[in-house]
Amino acid sequence: MKNLSLSAKLMCLVCLFAMAACDQDANEPDPVNEEELITSVYLQFVDTLKADTALFSFVDIDGDGGNPPIISNATLSDSTTYMVEVRFLNEASVPADNITEEVIDEGDEHQVFYVVESGLDLIVQYSVSDRNTDVNGRPIGVETIAKSGTVGSGTLTLILRHKPNKEAAGVAQGDLTNAGGETDIELSFIVDIQ
Amino acid sequence: MTPRLIGALLLLTLGLQAQNTCNLSISGRVIDQHDGQSLSFAEVTILATPFGAVVDSSGFYRISNLCPGNYEIIVNHIGCEPVRRQIRLSKNITSLDFYLEHHLELLAEVVLVKQNIRRDSKLTSILNSEAITQVQELGLEGLSEQVAGVNTINSGNNIIKPVIHGMYGNRVITSVNGIALEDQQWGSDHGLSVDPEMSGQIAVISGAAAVEYGPGALGGVLLFSAAPVPNDSSISGHINLQAQTNGRGGSAHLRLEQAVTNFWNWRVQLTGSRLGDLQAPDYNLSNTGFLGLNYSVETGYRKGAWQGKLFYNATNRNLGILRASNTGNLTDLEAAIESDEPQYIEDFTYDIEAPRQEVTHHLIGTEWKYRPTVNSYWELRYGFQNNRRKEFDLRRGVSDEVPANNLQLLTHSLDLKFNSDITTNWRTKYGLNAMAQINSNIPGTGIRPILPNYNRYRIGGFVFQELEYERWVFQAGLRYDYEYTLAQKYDRQNQLQKPVFLFHNLSANLGATLRVNHQFQLSSDLALASRPPHTIELLSEGLHQGAASIEIGDPNLVPEQSINWSNTLRLKFSKRIYFELTAYLNPVKNYIFQVADSIPQLTIRGAFPVWRYVQSNALLTGIDFNSKFELSRRWEYSLLASFVRGYDLTNNEDLTLMPAPRVNHQLSWKTSDSWGVRIEHQWTGRQNHYPEGLDLAPPPPAYNLLNLGVTWEPMDKNFRCSLMLRNLTNSRYRMYLDRFRYFADRPGINLMLNFKYKF
């Protein structure tokens, strides 16, 4: 492309009738500002009895495409009850945007589901708390209680649905079969119960 | 009143009635449009009657003993394009003049000799008025029912893209009043910004026509143009009203036109349409409503050797996209495909919510023709287009009213052509074309743009020669284009990149037509066309939410080069039987298409299929068949069939999204002069040739559709009523080239009522 400017000038002959078209700077795009991007999910298990925590994380700073996401898994103790909290962040933004609060504010349009693989002895139930309940009294799913059973491992899939049908059968209990809606987040962690 | 007076009055009215028999006449002159000279020996014929006249040496004609009624008149003269006009005869008309244009556009248009045999080596289908009416009543979907070899690729019923010989999108050029339409066509979810109701003439060129129309006419050209304003000094026009049960809506179209003086005329058109959700046989197709408003204004001028036109067309559409088609990740998509019914079904509504598209297209153009001598004329066309496309998705964190994709496409185009008849057997055409285009993403979407901003310029020229020798016509054309594109995009490191692309494109064509006799004609056309990659194919990057996939371009793509060899056989027996058979072979080197990575990409939303633009050597081939039989004066049978095959020669696989085989046939019966009934059967086969493993769901099974139509068009009135029952058996079916086949059935039964009134 040696004669780049020459070609550009030749082309400008063409735009005798398009003065604005010759002004290439006029068409400069704005930098990308992805507003609703969720880059990171942190799932924290807290065992209040033993003051023990386990943190699972999924971080994809550059969003869709580019570098693959970094997933970090953790281990849980057997026969333990955990208070679980999920946080959604946009860490591409500085300071990081806490999307969890948006999800709670629009709680009637969101629900988080936890799908446990059949070989894994883990039961996850929604907490009953103000933070975890939407304006219609239905669970949002940002706070849950997880009870681990026997030793083993398997996947725990976390799904955030946007505009699910919260009235459908089983949805309020955490069953997403009839939930519908669009999936905003779907990721799997490997849980090891020791 | 005295009885005597009453008697006299009665006698008078009876006498007047007696006079109201068939003794009306029309007369006038037939004039050469260029120089105003009379065209002696032109023939003036009234269609569907035995009446006609030959123009005398002073240019006058007269046809007498006519009954009152509506007539269609056609005026023929050797070397001129025939002129048709509809008239309403209720009293004598004495200055029904016709202006004929000597000689024709060479490539795209066709010479209609008395027996309707075409000289053009390219397969050009010019729709007659009945076919145009069908397309106006049904929309672009109707085009596939009128022209063999034309299919459609859809996203539901609101987004329809024509497919010609297996090619669509950027491989098909749509020309509106001679200006190439520049609206975003790179996505399969981009419909065409054209209103067929505003066109008086529709034609389809199947096969490469790049020499005259530019790079990108690999698959063919769709031509929509306004009919000439009738030579009527009073304001005339028509109203077209349509209502349909499926969607509970309809449209209204108004056309007003006037030839104010012999020199200038104007026309105004307006179309409004509204539809609510469509219904599949078993459920409501939620969020498939449509709202459209189109309008156009044009004015024309003619004096001596000059003829010009200025026009403005605008189309505005707000179209709903099936809510159930808006899936998130691959898991959602697979769940949707598994489910027999759409995952989102609500009650009928007229509301159009996200996901939806708002597309506005403005076209301002001017066209001038100048005839310095009898044997030559110049054409100049300039057009400016502004296309605004907003695509709305279901958003989280931002209102659904903030578009996910917001594009503005501005295009200037200039065309200069010179047509000349060097001798009566040798015609030439030269042309120069320039185009400047800017594509901009309007900020504020909050999403990384999938198509970057770009400035694109193109300049090109062509020559075309046509030679007639005995029963042969030979054609040859050559074209060169130079294209420069500067794109601007932010990469993932937030650095502004400004890649530049330069393309040289060569197109050519060689054709021959042999008129063996009045009934049998053969033509063969070899065309070379080259299409530079579109900016989306080079630089796309990101999640195309509407397609639920990540699309990645390749900046190293090179132009496609196509060689299209098309052969057509035309047979006409005894005016009652007409056959047309076309076979084409179209190898394309560096054919650009998308393939899915074997491993989907993991994102926070789950897994998404990744589609990459790649190129390989392909071969498209097919057969079109078109036939008509006039079984008797009142019965007619027609059959249309098309078959296309596409191969990826490099990877030894079938090409994706090739139209399935189709056969349409129709039986029509004119029960009387005013009433007609027709029944149509459409068979679409299952596409058994597709790349395995590339598609999430196999192609749908074959299906049959039955349509019924009844028309009432009384001879002495100015209106036409038609009733159409489409999919009258309310069959469930899905179409391979409809992206919504993953989610829902196509619409079920539909009763359409159409009323057209001319004034």
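## The 38–39–41 strand run in chain B

Let's start with a single pair: K628(B) has S638(B) as its bridge partner, the latter sitting in strand 39 of chain B. This is a predicted model, so read what follows with that in mind. The pair belongs to an antiparallel match between strand 38 (residues 610–630) and strand 39 (residues 635–648) of chain B, which runs over 13 bridges. The two strands make a hairpin, and 4 residues lie between them.

Strand 39 of chain B has further partners. With strand 41 (residues 662–669) of chain B it pairs in the antiparallel sense over 8 bridges, and here A641(B) is matched with V663(B) in strand 41. Strand 40 (residues 653–654) of chain B also joins strand 39, antiparallel again, through 2 bridges. Y647(B) is the residue facing D654(B) of strand 40 in that pairing. Strands 39 and 40 of chain B form a hairpin too, with 4 residues between the strands, and in it N652(B) takes a positive phi near 55 degrees.

## Strands 30, 31 and 34 of chain B

Another hairpin in chain B links strand 30 to strand 31 through 2 residues. Strand 30 (residues 500–517) and strand 31 (residues 520–531) run antiparallel and are joined by 9 bridges. If you want a spot to look at, try R515(B), whose bridge partner in strand 31 is Q521(B).

Q521(B) is handy for tracing the next pairing as well, since it stands opposite R570(B) in strand 34 of chain B. Strand 31 and strand 34 (residues 560–573) of chain B are antiparallel, with 12 bridges between them.

## Two open sheets in chain B

One open sheet of chain B has 4 strands in the order 3-2-5-7, paired antiparallel. Its edges are strand 3 (52–54) and strand 7 (83–89) of chain B, each of which pairs on one side only. On average, neighbouring strands in this sheet are turned by 20 degrees against each other, ignoring direction. Strand 5 (residues 69–76) and strand 7 of chain B share 7 bridges in the antiparallel sense; N70(B), for example, is partnered with R88(B) in strand 7.

The other open sheet has 5 strands of chain B in the order 9-14-15-12-13, and its pairing is mixed. Strand 9 (123–126) and strand 13 (179–180) of chain B are at the edges with a single partner strand each, so one side of each has no neighbour in the sheet. For a parallel pairing, look at strand 12 (residues 172–176) and strand 15 (residues 220–225) of chain B, joined by 5 bridges. S175(B) has L223(B) of strand 15 as its bridge partner.

## Where chains A and B meet

How many residues does each chain bring to the contact? Chain A gives 50 residues and chain B gives 52 residues. About 4,500 Å² is buried between chain A and chain B, with carbon and sulfur atoms giving 55% of that area.

On the polar side, the interface of chain A and chain B has 13 residue pairs in polar contact, both residues at pLDDT 80 or more. Elements giving two or more residues to the chain A side include helix 1 (4–14), strand 1 (40–47), helix 3 (99–105) and strand 10 (152–162) of chain A. Strand 11 of chain A gives the most, with 6 residues. By type, the chain A side splits into 22 nonpolar, 12 polar and 16 charged residues. There are also 3 salt bridges across the interface of chain A and chain B, and K163(A) and D400(B) meet through their side chains in a salt bridge at 3.3 Å, N to O.

## Salt bridges overall

Over all chains, the count of salt bridges comes to 37. One within chain A pairs R131(A) with E101(A), their closest N and O atoms being 3.0 Å apart. R131(A) lies in the loop between strand 8 (122–126) and strand 9 (143–148) of chain A, while E101(A) is in helix 3 of chain A, so the pair ties together parts 30 residues apart in sequence.

## Backbone oddities in chain B

Two loop spots in chain B deserve a look. A354(B) and P355(B) are joined by a cis peptide bond, with omega about 0 degrees. P355(B) sits in the loop between helix 5 (330–338) and strand 23 (356–373) of chain B.

E470(B) isn't a glycine, yet its phi is positive, at about 50 degrees. You'll find E470(B) in the loop between strand 27 (453–469) and strand 28 (472–490) of chain B.

Methods
Residues numbered from 1 in each chain as written. Chains lettered and ligands numbered in written order. Predicted model: local features only at pLDDT ≥ 70, side-chain atom pairs only at ≥ 80, totals over all residues. Heavy atoms only, no water. Contact = heavy atoms within 4.5 Å. Buried area = accessible area lost by both parts, 1.4 Å probe. Salt bridge = Lys/Arg side-chain N within 4 Å of Asp/Glu carboxyl O. Polar contact = N/O pair within 3.5 Å; in protein donor to acceptor, adjacent residues only side chain to side chain. Nonpolar A, V, L, I, M, F, W, Y, C, P; charged D, E, K, R; others polar. Pairing = 2+ DSSP bridges. Axes fitted to C-alpha atoms, helices over the stretch in contact; angles between N-to-C directions.
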